[in-house]
Amino acid sequence: MPELLKPPALRPGDAIRVLSPASPVQEERLRKGCEELARLGYTPKIDRASALSHQSFFAGSTSDRLAALKEAFADPATRAVFCSRGGYGSNYLLDGLTVAPTSPKIFLGSSDITSLQIFLRQRFRWVTFYGPMVASNFDRGAGAPHGYDRASLASALTETKRGWEVDLQGESLVPGMAEGVLLGGCLTLVEASLGTPWELDTRGTILLLEDRAMKPYQVDRALMHLKQAGKLRGVAGVLLGDFPECEPPEGGETVKEVARRILTPLVAPVVWGAPIGHTERAALTLPLGVRARLLAPEGVGVPARLEILEPACVS
């Protein structure tokens, strides 16, 4: 396999380019999110023309969003690229990313940004970061509902010497321990990569899957699609989000029950309910593309953990 490309770690004072690759963003929430980045010691840089554009349900035209992303990746003064929000539209940029950026940068986002993260992994072997976004989480603050988890953010974006451990704040659906490369993202977007040239390779992975506002039968359909496409074959373990706004009809099967039914035959550990991506809790930051160990213990009340086995950044 081609060499894994890790970005340089964030340092105090570093510039962070804030982009909107998908849907439009509310200016007030963007402002508050950038203020939080400044409080963390960084220098957010917003290209207002690209970050605040609005065209239908996109944050500007495809060409403008693509140009902004390419410019941010190429800018030597930019240490990281943080996405403002998800929504829809990142997939429009993929056909234009034909040439690998000269060097990797920290690329942080979730939700619809999954499309870009899968592409950067499959085409260019980048390590990326699944976590909070500027106008969706950072604007709410550290530790707040719908905010972000400061400890996992710092470990993911600044650690260069060793791995670290994450309390997943979830529970074991299938107990066990597994090691593999942590990959995945928003369930809908992982499924949407099927059949494309950059379809996610899930073999030997700890597969992260989360989403929101899906009916349990829709989650069932998506998981069955992944299974029938062979994407659950050879998976070392599965890490699931808490799937907010996915309540079933009265008396119906829950998403948790759907996941247990479909994933238990994998004979791989499964953890349910981590605050990742779409969550009403403070969102964790997890590096995609590095080796990790999933610990799903038996017993009620015993915390599930994720051990990141290598740093996601370089000095």
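## Worked exercises on a predicted fold

F73 and W126 are both buried. Keep these two residues in mind as you work through the exercises below, and remember that the model is predicted.

### Exercise 1: an aromatic pair

**Task.** Classify the ring pair of F73 and W126, and work out which parts of the chain the pair ties together.

**Solution.**
- Step 1. Start with the total: the structure holds 12 aromatic pairs.
- Step 2. Take the geometry of this pair. The centres of the F73 and W126 rings lie 5.0 Å apart, with 65° between the planes.
- Step 3. Apply the cut-off. Planes over 60 degrees apart count as edge-to-face, and the pair of F73 and W126 is of that kind.
- Step 4. Locate the partners. F73 belongs to helix α3, while W126 sits in the loop between α4 and β5, so the pair ties together parts that are 53 residues apart in sequence.

### Exercise 2: another pair, and a cluster

**Task.** Decide whether the ring pair of F138 and Y148 is stacked, tilted or edge-to-face, and then find the cluster that contains F57.

**Solution.**
- Step 1. The ring centres of F138 and Y148 are 4.7 Å apart and the planes meet at 45°, so this pair is tilted.
- Step 2. F138 lies in helix α5 (residues 134-138) and Y148 in the loop between α5 and α6 (150-158), so the pair links parts of the chain 10 residues apart.
- Step 3. Check burial with the cut-off of under 20% relative accessible area. F138 has 1% and is buried; Y148 has 0% and is buried too.
- Step 4. For the cluster, follow the ring pairs: they link F57, F58, Y88 and Y92.

### Exercise 3: a serine in a loop

**Task.** Determine whether S23 is buried or exposed, and identify the backbone atoms that its side chain meets.

**Solution.**
- Step 1. S23 is found in the loop between β1 (15-19) and α1 (27-39).
- Step 2. Its relative accessibility is 7%, so S23 counts as buried.
- Step 3. A polar atom of the S23 side chain lies 3.0 Å from the backbone oxygen of F57. The S23 side chain also reaches the backbone nitrogen of Y88, at 2.9 Å.
- Step 4. Leaving aside residues up to four places away in sequence, S23 touches F57, F58, A59, R85, G86, G87 and Y88. You have met F57, F58 and Y88 already, in the ring cluster.

### Exercise 4: a lysine in a loop

**Task.** Do the same for K231: where does it lie, is it buried or exposed, and which backbone oxygen does its side chain reach?

**Solution.**
- Step 1. K231 is part of the loop between α8 (216-228) and β10.
- Step 2. With 13% relative accessibility, K231 counts as buried.
- Step 3. The backbone oxygen reached by the K231 side chain is that of L200, at 2.8 Å.
- Step 4. Beyond four places in sequence, K231 touches L194, E199, L200, D201, T202, L207 and L226.

### Exercise 5: a covered helix

**Task.** Count the buried residues of helix α4 and list the elements they pack against.

**Solution.**
- Step 1. In α4 (residues 114-124), 9 of the 11 residues are buried, which makes the helix mostly covered.
- Step 2. These are T114, S115, L116, Q117, I118, F119, L120, R121 and F124.
- Step 3. Their packing partners are α3 (62-74), β4 (106-109), β5 (128-130), β8 (176-186), α7 (187-192) and β12 (286-288).
- Step 4. Look just past the end of α4: R125 takes a positive phi of about 65°.

### Exercise 6: the sheet

**Task.** Give the strand order of the sheet that contains β14, find its edges, and trace the bridges of β14.

**Solution.**
- Step 1. The open sheet has 8 strands with mixed pairing, in the order β6-β14-β13-β8-β9-β10-β11-β7.
- Step 2. β6 (164-167) and β7 (171-174) each have a single partner strand, so they stand at the edges with one side left without a neighbour in the sheet.
- Step 3. From one strand to the next, the twist averages 30°.
- Step 4. β14 (residues 305-308) runs antiparallel to β6, joined by 4 bridges; here D167 stands opposite R305.
- Step 5. β14 also runs antiparallel to β13 (residues 291-296), again with 4 bridges, and R293 has E307 as its bridge partner.
- Step 6. For a parallel case, take β10 (residues 237-241) and β11 (residues 270-274), joined by 3 bridges. G241 is partnered there with A274.

### Exercise 7: confidence

**Task.** Find which element has the lowest mean pLDDT and which the highest.

**Solution.**
- Step 1. The protein averages a pLDDT of 96, and 99% of the residues score at least 70.
- Step 2. Helix α2 (residues 48-51) has the lowest mean among the elements, 71, and β5 the highest, 99.

Technical notes:
Residues numbered from 1 in each chain as written. Predicted model: local features only at pLDDT ≥ 70, side-chain atom pairs only at ≥ 80, totals over all residues. Heavy atoms only, no water. Pairing = 2+ DSSP bridges. Helix = DSSP H or I, 4+ residues; strand = E, 2+ residues; numbered from the N terminus. Axes fitted to C-alpha atoms, helices over the stretch in contact; angles between N-to-C directions. Buried < 20%, exposed > 50% of the residue type's maximum accessible area, 1.4 Å probe, protein only. Polar contact = N/O pair within 3.5 Å; in protein donor to acceptor, adjacent residues only side chain to side chain. Contact = heavy atoms within 4.5 Å. Phe/Tyr/Trp six-rings, centres within 6.5 Å; stacked < 30°, edge-to-face > 60°. pLDDT = per-residue confidence, 0-100.
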